[in-house]
Amino acid sequence: MTEKVQKVIPDEYIPEVRSRVVTIDNKDYLLQNDAMFTFYERSMGEFSPFFLAIKDEKKILGCKCPKCGIVRVPPMVTHCPDCNFTPTELVEVEQVGKMNTTPPITYFATSMFLDKAPFGRGRVILNGADTALSVMLYTTTGILVPGLIKKGTEVKVIFGDERIGQITDIYCVPASELTPEQLAKKGLQESELNWEAPKEPEFPEASDEDMAVYKQSLKEMQALAAEMSRSKRARKAIEGWKRDIAVKTKGGEFAMYIDDGDFKIEEKKLKSPDFVMACEDPRTLLDGLMYNGAITDSVIMKRLWISKNLEFNTIFKLDRLARFLAREKKEQAVK
Ligand SMILES: [Zn+2]
C-alpha cells in the first residue's frame, strides 16, 4: 500500500496533445486540446494542529470543552457551542475505537478512488472521544467483504508511511487482525502490518464427485480461455494487463495467466502467483467466465475469495473478458 509521489492532477487526467475535426453546417472546424490551469495552496487554518499531529507525531487530536467535558474528534470547534462558547483545548485521544455504524463498502469507485477500492467508509468513535471520526476502512485478510466490519467492531487507526497531513494519511483496520503488541502501539504504520499473509479459506476434503466436477470445469474453462484469446474483442478487456493467478478449489488447483490480451488456464500449482483466488466450487468461476453471473458478485457474496484487496480490479477485468466474448458470440449468431 505504499504510494508513489502523486501529482495534484493525476497523469491520466491530462489530455494528450491532439486535435480533431468537427463538422458543423458542412464546414470543418479544427479543435485542439489545450490547457488552462491554476494551482493554489490551501490553508488548513485552525485544523492545522489536527493534521500536523497526524503527519509529524502520529497522534489523533480532539478538542475538549473544560466545562462540559465533551471531546470532539476531529477538533472541529475552538469554542464549545453548548457552554456559552467556552474555549476548548486540544487533547490526544486513543487510536483504538468502535465503529458507530456498519460501513458501506465501495467496490466500483470513481476514477479518483479506483486505486483504493474496495474500501469501506464509516465512522469510528475512538476511545476518549465523544464524537465519531469519518475514516476509510481496510482489511489485511484479503478482500473487504460485508460483515467483516460492522457497527460495534473494534478498529485501530493505521498511519500511512508517507504522510503529508491529510485525512487519507490514516485509515482503520479491524483490531482482531492485529497482535496485542500492534494493538497497544501508538502510531502504528502500514508497513508494520502483514499484508502478505491473508487467511485463505479452507475447504473440506474433496469427494470423487468433487474431483469429477473440478476436472470437467477445468476443461470447460480452458476451452473458454482459448476462445477468449482468439477473440479480438475479448482481448481488449485485458489489454496491457499481466497477472499470474493461482486458483484453488475443493477438487484441485490450477493457474490462470493474463498476459496483455492472452488468457490461458493450465493445471499447475504456481509458486509465486501475483495473487490467489479460492472458491470451493470451480463452477462459480466457470459460470462467471461463461457470463452467467458476474465474478465480482461472487466475490462480494463471499463465494470467491481473493488474497489481495486491490486485485478486485483484475476480477473486474475478468468480468469484462466474459462479457466481451459473450457479446461477440451473440453478434456472430445474428449474422
Ligand atoms: Zn462544553
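1. Two strands are taken here to pair if DSSP finds at least two bridges between them. On that criterion strand β8 (residues 96-99) pairs with β12 in this predicted model, the two running antiparallel over 3 bridges. Within that pairing, V96 stands opposite K156 of β12.

2. As for overall make-up, the protein chain has 335 residues, of which 28% count as buried, and it contains 7 helices and 18 strands. The C-alpha trace spans about 75 × 70 × 30 Å along its principal axes. Among contacts with a separation of 6 or more, 61% join residues that are 24 or more positions apart.

3. The protein chain is divided into domain 1, covering 45-192, and domain 2, covering 208-334. Taken over C-alpha atoms, the centres of the two domains are separated by 37 Å. Domain 1 gives 9 residues to the contact between them, and domain 2 gives 10. By class, the side of domain 1 that touches domain 2 has 7 nonpolar and 2 polar residues, with no charged residues.

4. Where does the largest nonpolar core lie with respect to domain 1 and domain 2? This core has 62 residues, and those with the most contacts inside it are L126, L137, C172 and L321. Both domain 1 and domain 2 give residues to the core, so it lies between them. For one of these residues, C172, the contacts can be listed in detail: leaving aside neighbours within four places in sequence, C172 touches V124, V135, L137, V155, K156, V157 and I158.

5. Strand β12 (residues 154-159) deserves a separate comment, since 5 of its 6 residues are buried, so the strand is largely enclosed by the rest of the structure. Besides its antiparallel pairing with β8, β12 is joined through 5 bridges to strand β13 (residues 170-174), again in the antiparallel sense. In the pairing of β12 with β13, V155 stands opposite P174. The contacts of C172 with V155, K156, V157 and I158 may be read alongside this pairing.

6. An open sheet of 3 strands can also be described, with the order β4-β3-β7 and antiparallel pairing. Its edge strands are β4 (71-72) and β7 (89-93), each of which pairs on one side only. Strand β3 (residues 60-64) is paired with β7 over 5 bridges in the antiparallel sense, and I60 has V93 as its bridge partner in β7.

7. Turning to the helices, does the span of helix α3 agree or disagree with the value expected at 1.5 Å a residue? Helix α3 (residues 208-230) has 23 residues, which should span 33 Å at that rise, and the 34 Å between its end C-alpha atoms agrees. The buried residues of α3 are V213, Y214, S217, L218, M221, L224, A225 and M228. An α-helix has 3.6 residues a turn, so residues three or four places apart point the same way. The buried residues of α3 pack against α4 (232-237), β15 (253-259), β16 (262-266), α5 (282-289) and α7 (312-334).

8. Helix α7, one of the partners of α3, has 23 residues and reaches 33 Å from its first C-alpha to its last, close to the 33 Å expected at 1.5 Å a residue. Its buried residues are F312, T314, I315, L318, D319, L321, A322, F324 and L325. Among them, L321 also belongs to the group with the most contacts inside the largest nonpolar core.

9. Some backbone details should be checked by anyone who reuses the coordinates. The peptide bond from V73 to P74 is cis, with omega near -5 degrees, and P74 sits in the loop between β4 and β5 (79-80).

10. Two residues other than glycine with positive phi are D25, near 50 degrees, and N26, near 65 degrees. D25 is placed in the loop between β1 (19-24) and β2 (27-32), and N26 is likewise found in the loop between β1 and β2. Are D25 and N26 buried or exposed? With a limit for exposure of 12 or fewer other C-beta atoms within 10 Å, D25 is exposed because 4 lie within that distance, and N26 is exposed with 5.

Terms used:
Residues numbered from 1 in each chain as written. Predicted model: local features only at pLDDT ≥ 70, side-chain atom pairs only at ≥ 80, totals over all residues. Core = buried A, V, L, I, M, F, W, Y, C linked by C-beta atoms within 7 Å. Buried ≥ 20, exposed ≤ 12 C-beta atoms within 10 Å, placed from the backbone. Domains from an automatic or database assignment. Contact = placed C-beta atoms within 7 Å. Helix = DSSP H or I, 4+ residues; strand = E, 2+ residues; numbered from the N terminus. Nonpolar A, V, L, I, M, F, W, Y, C, P; charged D, E, K, R; others polar. Expected span 1.5 Å × (residues − 1).
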